Each structure stands twice: as C-alpha cells, then as structure tokens.
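Opening a fresh page for this one. I want to jot down what I looked up, in the order I went.

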Amino acid sequence: MTDSSYIELYVDCRMRLLKVATCNLNQWAMEFECNMKNIKASISQAKAAGAVIRLGPELEVTGYGCEDHFLELDTLTHAWECLKELLLGDWTDGILCSIGMPVIKGAERYNCQVLCMNRRIIMIRPKLWLANDGNYRELRWFTAWKQRGDLDEFHLPIDVSEALSQTSVPFGYGYIQFIDTAVAVEVCEELFSPVPPHAELALNGVEVFMNASGSHHQLRKLDIRLNAFMGATNARGGVYMYSNQQGCDGGRLYYDGCACIVVNGHVVAQGSQFSLKDVEVIISQVDLDAVASLRGSISSFQEQASCKVKVSSVYVPCKLTQSFNLKMTLSSPKKIMYHSPQEEIAFGPACWLWDYLRRSGASGFLLPLSGGADSSSVAAIVGCMCQLVVKEIGNGDEQVKTDARRIGNYSDGEFPTDSKEFAKRIFYTVFMGSENSSKETKMRAKQLADEIGAWHLDVCIDGVVSAVLSLFQTVTGKRPRYKVDGGSNAENLGLQNIQARMRMVLAFMLASLLPWVHSKPGFYLVLGSSNVDEGLRGYLTKYDCSSADINPIGSISKQDLRLFLRWAATNLGYQSLADIEAAPPTAELEPIRSDYTQLDEVDMGMTYEELSVYGRMRKIFRCGPVSMFKNLCYKWGTKLSPAEVAEKVKYFFKYYSINRHKMTVLTPSYHAESYSPEDNRFDLRQFLYNSKWPYQFKKIDEIVDGLNGDSVAFPEEEEEEATSSQEFGVVAANSGDPRAGL
C-alpha cells in the first residue's frame, strides 16, 4: 500500500488511450455455475476486444437477490471458491477485473468489489452506503464500511491464500494508482447518497470510476439513473463505467441492465435495457487526457483539489493506457436510448417471464383470458415474449435456442422460427364463461388468442357453479339470488365469489393436467392478471384468478395498461386489442339486464385515475388520511369542495384498510410501479385495521368544518384533470362492493 501523493501521473503529449469494458449479466441467485459461466464469458469478450478494465455487476458471483442466503456461511464459502477458480486460470491476465461478492471480515459481512489483475487480488473495496429502502434490505445482511482512513489488512481464507500464494490484501475505502491513471470503485447506492464518494475521489486524481450495481426496472425511471452518471462527471470530469444485472434472478424484480460508459458528462456507450441475452459486453475507447484537460479548465476543481482530504490508495506499477494510434478509434457521444412506457411494459415483463419460464422447469403458461383489458395485457406480453425469443434465435443466440427447443418440446434439429407457432406450443388460454358473460368478451378472447397463436379453450363454468349452489342449498335449505333479482348484498357478493374461485381452481387443474392430455412433459405456470390499482383498492376476490403462480402486470396501473393496449394493437400486431381497450372495464360476475350492466368503476366507487392518485400519495409521498386530504384539496379544489374531497379520501382509506389482508396472499408480481401495495417486501404495513379510522377521520372533519364559509384560493387546474365533479368518481356510497373484504 502506497500513498499516491508522491506518485506523478504519467501524462505526455502522446494521449492516453484506454479501452474499457462493462456488461449486463443475467445472473441467478445461488446458481454459481450459471453465474461463473456468464462472468467468464464477459471477461473473455472484454479481453478479445482489447479492453484492460472489466467491470461486472454488484454481487455477481452469488447473484444480487440471495437475500437470507447471504446469512449462510456456505454462500460466502462458495463465492471464494468461484473467485479462486477464476484467479487460478488466465481470465485476469492483462486485465483489471472488478468482481462483486460478499466477504466476511472479522465478525462483519460486507458487500464488496474484489479488484483482481494478473491472477492476484489487488484490493477489496467494501460498500460504504447500503441500499435499505423500497425493495432493498441490504442492512439485514451486510454492514456498511465506516472507516475512511488507512486501508486495513485482510487475511485471505487459507485455501485461497495457499492456491494464490498470497496471504493478505488491502481492504477498505481507497483507489488503485497505476503508473498512468487512477481507478476507483463506487457501488450502486453510493452514487445516489448525499455526498457520493466519486466527488472526493476525483479531487484525489481518480479518472476512472467503476459503478457495480444491482438496479431493478421501474417505469419512467431510467433517466434518473443516467442523469446521475452524467452529473458525476460533467462538473468534475472522469470516465464513469456502470454495470448491472439484467433479468429475473429468482424474485419479483427485473434488473434492467443498461450498462453504460460516460466520459465528461457524455454517454459514449449504452447497453440494452431489456434483452434475453445472458451476457452483453459494452466496449469503449476513451482519451484520459480529455479528462485531465477538463479538470484543468475548472478553477473551482483546481482550488478544491489543492486542499483535498487524502484518500488511501494501492500502487500497481504498470500502465493501462496506450499512446496515440490511428488504428484505435475513440468512442464519441451518442444519443441516449429511452423506451416509451408502453415499450417498457411490453419488453420488461416479457423478458422477466422468459427467465422465469426457462429456469422454473415449466413447459409453458396458462392464462384465464376473459377478453378484458388486464388478462388481454398479460396475453399480449406473452405474445411479445414469443416474438423476442424468435428474434433472438434469428440473431444467433444459442442459449435462447437451446431453452426454446427444450420448453417447446421440439425434435432434434428443429427450433422456433415463427412466434405464433412457438406460442401454440407453450401458451394456453382459457375463456371460462358463465351465464353472466357477454358474447363480445368471448369473441375478443378468441380473436386475441388466434392473433397471438395461443392454444385456446372455451369453457362454460355454469355446471360447476350450479353444483356448488345445489350443495349449499342442500346444507342450508336456501339458495342465494343476485341483487338485480332481489337478493341481498351478501347473496350478491357470495354468488360472484363462487364464480371467481371456481375459475381459479379450474385454471390450476388445467395447468397441471393439460400437458398430460397432450403427452407433453412438465407443467404449466398459471398467470395472474390483476393490476396495481385493483390490489390497492382490494377490488379482487381472494383466491380467484388473481391467485396464480406469477403475475406480470401486478404492479402496473390500469391507465398505463390501457396505453399499452393501444400501442400493442399496432406495434405487436394484435389488432383486437384496440377494441378490448375501448370497452368499459367489467368483471361480468352479475347478470346483464336491459337496465343494468356491471362496471368496475361503479363497483369500486372511484375511478382508476383516482386510484392512481391515491396510490402515489399513500406510498410515494407517504400521506396518511389527513395529509392526503390536505393535498387533494389543492389538487382537486377547483372541482370539488373540501367536504367532497374529504368523503373521497375517507372512502378510499375505508376500503383500502378493509381489503389490506388480501395483499398478504397476492401473487408474486413483476415490480414496475413505485406505489405498489405488494406486502412481501415493498409496502410493509399491518393487514388488520380499524377501517373507521376514528382519530384521523375526525381530524379531517374538523378541518372541513373550519373551512366552511372561508374563501379558499386554488391553483389553476392542470389540463389533464377532469372537467366536472362527476368525472372524478362514481357512486361513492355504493356499499354493495361485490368483492370488498372477501
């Protein structure tokens, strides 16, 4: 270990050309062989391209999503075994590799980047600031490194030490000083901390920053990440490398890749955000003198660097750069690629489904297809997945071809060349109609299945429902009636729930036995299709078709799904989606009469647009009933009185709390929205409430009473807001919610 203060930076008039590589890797938690295969492939591709630095994702050896497996010593032992295998080979010869893995030092467990080169460990850099909000629980498994002075000495595990003939390595916060440049690590969350390490490291002369990340996809959020990379080097110069996982590593998250390289605030290389590839390597060649030049032109940078707090470093006596050479082309700034929200909904869940399907051992999917917007969105996403598989096979991806041949049960030498033909092999849709179903939804379901290529079934469940009702009548002596036929709310609710739950039972039966019927191996995964707004409101029957194996849209709003359907009708080629999107949402669980048609928004007592507002205020802005009421008085004040706003807020919180228990059994869903009510890890709250909220609602009433007679000024309404009070909600006093609380 050497203080960098006496090391003169190697700079001359010949330029300092540096070729670097970062990557997207589709890792799988606890699947060490898969992970090592991807790591080795990425290093091989980086070396073949002439790169001298290779950056991999956070915790790439184990996979980021191991969760409580990180508490098992086996997990850390296996990580060291994998690193030893890597270092005993020629993988790190002539290239600096940053490898992500967990490490125990003393009694503490750290999330680390292990920096290796030429079959040696140069240093181990533990994470300083841990991600511990939203979906992340790193403090449950790791300790943040808090020592900012000299680097510690870390004694390698005995077997690793003997194999490498290396006893100890520097451990802690610092950087590597080469003859011609300085390189440092910044791990994921550290970039977004109030005082990120790269600011201090830049003042110490670090020119290349390597950010190893495990970042998941969230709608409309990629620009925040990229702006952070560009901002890190825009005012202080530098080369910022970013690596990420890409895919489903065994949980609800989809890691959305987008590995990139930024130079002095400009993106010069960007990887894909959504892909079926297991390994994607991004290469750039940069001129480090451009970094030195920019820093030398910024007076404030010079002044702050002259009185910097020194950071410890490790000296490596070798060069990474090359001199001026016209055979080596410099990477130039490029236009950043952003997907539209509709494309994100199509490609993100489609890639997540593919990973889940190929890794689960299943032979396909089964979807209860009602012909409504939600289940049709799921069907379209599966269709998109089939299109992506065929496209990637056409691009020469052998791993995708191998997986597709196995899942589709193809004969030797055969593989998918047509998405509809592939869908026929791996995708089953079932319309489970009843006497309450319309001809229109039945027709739409069949038409969409044909457009996708799915194997479609049309099943009438009236006989099963009638048998259950007959059993009930035998036991109780009574037979329930629908409300439109004179029945009570309890009867009406019970009759709807019988239909919904019979569909769930039938779906799982078909998923387990249809492969047997068709002499195919394996089983089918049942897909759910409830959206985030229905989950928030509890507008679903507990253990109905919302109960499935996985749900690709469970964290996507109804409004976004409708935008997606319009987009998919044109861009995916499923034209029937246009008619499906235009139809009013309905559960079709009650009889249709000339003077009555069941509609979702009427049943819920609120619109899907309102639900999105409530959801964002409750979760993103952390509003309880009182603060939500106050905020909505401003947002909706030009259309609604404070008393009307109060009633809406109280109505929402009443049914949200009544139905919160349903979130405890919510089907595992793709995480896409920041106001998801998913109870497993993201939105942690109790599930037994006093749904009257007596204290909070009393406070709201007191505020309303205090406003009566006062002159209230409200801001101008935004253009997209509703134009009349009727458009904000419907029948807010409907006590006969068909699925409330059950």
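**Domains.** I started with the split along the chain: domain 1 runs over 16-338, domain 2 over 342-587 and domain 3 over 605-708. Note to self: this is a predicted model.

**The record.** Next I checked UniProt, where an unreviewed entry puts the feature "domain: CN hydrolase" at residues 18-288. I then looked at how that stretch begins and ends: the end C-alpha atoms of residues 18-288 are 7 Å apart. I also noted its make-up, 24% helix and 33% strand.

**Domain 2 against domain 3.** How far apart are the C-alpha centres of domain 2 and domain 3? I got 30 Å. The contact draws on 30 residues of domain 2 and 27 residues of domain 3.

Then I went for the area, since the size of an interface is often given as the accessible area lost when the parts come together. Domain 2 and domain 3 bury about 2400 Å² between them, and carbon and sulfur atoms account for 61% of it. On the domain 2 side, I found that Leu-536, Arg-537 and Ser-555 lose the most area to domain 3. Together they make up 32% of what that side buries.

**What bridges the two.** I counted salt bridges between domain 2 and domain 3 and came up with 0. Polar contacts gave 13 residue pairs, both partners at pLDDT 80 or more.

Which helices supply at least two residues each to the side of domain 2 that touches domain 3? My list reads α9 (341-360), α16 (532-537) and α17 (558-571). Of these, α16 gives the most, with 6 residues. I sorted that whole side of domain 2 by type as well: 12 nonpolar, 11 polar and 7 charged residues.

**Salt bridges overall.** Searching the whole structure, I found 36 salt bridges. I picked out one, Asp-289 with Arg-16, whose closest N and O atoms are 2.7 Å apart. This pair links distant parts of the chain, 273 residues apart. Asp-289 sits in helix α7 (residues 288-297), while Arg-16 belongs to the segment before β1 (17-25).

Key. Residues are numbered from 1 along each chain as its sequence is written. This is a predicted model: local features need pLDDT of at least 70, side-chain atom pairs count only at pLDDT 80 or more; totals for chains, interfaces and linings use all residues. Side-chain values use heavy atoms; hydrogens and water are left out. UniProt positions are given in the numbering used here, feature names are shortened, and annotations may be inferred rather than shown by experiment. Helices (H or I, at least four residues) and strands (E, at least two) are DSSP runs, numbered from the N terminus. Domain bounds come from an automatic or database domain assignment. Contact means heavy atoms within 4.5 Å. Buried area is the accessible area (1.4 Å probe) that two parts lose on being put together, summed over both. A salt bridge is a side-chain nitrogen of Lys or Arg within 4 Å of a carboxyl oxygen of Asp or Glu. A polar contact is a pair of N or O atoms within 3.5 Å; within protein, one must be able to donate a hydrogen and the other to accept it, and residues adjacent in sequence count only if both atoms are side-chain atoms. Ala, Val, Leu, Ile, Met, Phe, Trp, Tyr, Cys and Pro count as nonpolar, Asp, Glu, Lys and Arg as charged, and the others, Gly among them, as polar.
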